[in-house]
Amino acid sequence: MNCLRQASFARRHQMETYLIKLKSLLGILVDDTSKDGRLSFALGFVTDAIKSYCNLTEVPAALENLVLQMAEDYYRSKYSEEFPQAQVVQSVKRGDVTTTFGAAKASVKAGPGAVFVQNYTAQLNAFRKLRW
């Protein structure tokens, strides 16, 4: 029973460490807890996707940076309205000539788990195990 408690504590500590680092990557103050639910969801989604794709029960420490990168990408795509968008030039006028460009809005969407993980298969394949 003591072993289970230690494993649970280690997982909880790892997720708290991930949460602090993810906040730093996203430019969110560590003291700001208003987005912790969304950030925890993103981290859980990413760790579950990695474990499922690689057929693992735990995410190896060697994948810590990839977990954070994936969670950052997932969060930025899922909650893109939280981040300022770059201003797009729509027209340029030089003397009597005006050039107008299309005003298409660029957007990146996170797909379902399997599709999202496919963006990272090159890094994950080294940790993938066969399922019998």
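At 18% relative accessibility, D36 counts as buried, because the cut-off for burial is under 20%. That is a good entry point to this predicted model.

D36 does not sit alone. Its side chain meets that of K23 in a salt bridge, with 2.8 Å from N to O. The two partners come from distant parts of the chain: K23 belongs to helix α1, D36 to helix α2, and they are 13 residues apart. K23 is buried as well, with a relative accessible area of 3%. So both ends of this bridge fall under the 20% cut-off.

What else does K23 touch, leaving aside its neighbours within four places in sequence? The contacts are I28, L29, V30, D32, T33, D36 and L39. The salt-bridge partner D36 is therefore one of the residues within the 4.5 Å contact limit. Helix α1, which holds K23, covers residues 2-26.

The structure holds 4 salt bridges. Another of them also starts from α1. K21 pairs with E64, and the closest N and O atoms are 2.3 Å apart. K21 lies in helix α1 and E64 in helix α3, so this bridge ties together parts that are 43 residues apart in sequence. Are these two residues buried or partly exposed? K21 is partly exposed, at 35% relative accessible area. E64 is also partly exposed, at 22%.

A further bridge stays inside one helix. The side chains of K51 and D48 meet at 3.9 Å, N to O. Both residues are in helix α2, 3 residues apart, so about one helical turn separates them. An α-helix has 3.6 residues a turn, so residues three or four places apart point the same way. K51 is partly exposed, with a relative accessible area of 23%. D48 is partly exposed too, at 46%.

Now turn to the rings. A pair of aromatic rings is described by the distance of the centres and the angle of the planes. The structure holds 4 aromatic pairs. F41 and Y74 make one of them: the centres are 6.3 Å apart, the planes are at 45°, and the pair is tilted. This pair links distant parts of the chain, with F41 in helix α2 (residues 36-54), Y74 in helix α3 (residues 64-78), and their positions 33 residues apart. F41 is partly exposed, with a relative accessible area of 45%. Y74, by contrast, is buried at 5%.

Y74 has a second ring partner. The centres of the F45 and Y74 rings are 4.4 Å apart and the planes are at 20°, so this pair is stacked. Again the link runs between helices: F45 is in α2 and Y74 in α3, 29 residues apart. What do F41, F45 and Y74 form together? They make one aromatic cluster.

Another ring in the model has a charged neighbour. R128 lies over the face of Y53, at 4.0 Å from the ring centre.

Back to Y74, this time at its backbone. The side chain of S77 reaches the backbone oxygen of Y74 at 3.0 Å. S77 lies in helix α3. S77 is buried, with a relative accessible area of 6%. Y74 thus takes part in ring pairs with F41 and F45, and its backbone oxygen is reached by S77.

What of helix α3 as a whole? The helix has 15 residues and reaches 21 Å from its first C-alpha to its last. That is close to the 21 Å expected at 1.5 Å a residue. Its buried residues are L66, V67, L68, M70, A71, E72, Y74, Y75 and S77. Charged E72 is among them.

One backbone feature remains, in the loop between α2 and α3, where N55 is found. Most residues other than glycine have a negative phi, and most peptide bonds are trans. N55 has a positive phi of about 60° although it is not a glycine. Is N55 buried or partly exposed? N55 is partly exposed, with a relative accessible area of 23%.

Put the links between helices side by side. Helices α1 and α2 are joined by the K23 and D36 bridge. Helices α1 and α3 are joined by K21 and E64. Helices α2 and α3 are joined by ring pairs, F41 with Y74 and F45 with Y74.

Methods:
Residues are numbered from 1 along each chain as its sequence is written. This is a predicted model: local features need pLDDT of at least 70, side-chain atom pairs count only at pLDDT 80 or more; totals for chains, interfaces and linings use all residues. Side-chain values use heavy atoms; hydrogens and water are left out. Helices (H or I, at least four residues) and strands (E, at least two) are DSSP runs, numbered from the N terminus. Rings of Phe, Tyr and Trp (its six-membered ring) pair if their centres lie within 6.5 Å; planes under 30 degrees apart count as stacked, over 60 as edge-to-face and the rest as tilted. Buried means under 20% relative accessible area, exposed over 50%, partly exposed in between (1.4 Å probe, protein chains only). A charge sits over a ring if NZ of Lys or CZ of Arg is within 6 Å of the ring centre and within 35 degrees of the ring normal. A polar contact is a pair of N or O atoms within 3.5 Å; within protein, one must be able to donate a hydrogen and the other to accept it, and residues adjacent in sequence count only if both atoms are side-chain atoms. The expected span of a helix is 1.5 Å times one less than its number of residues.
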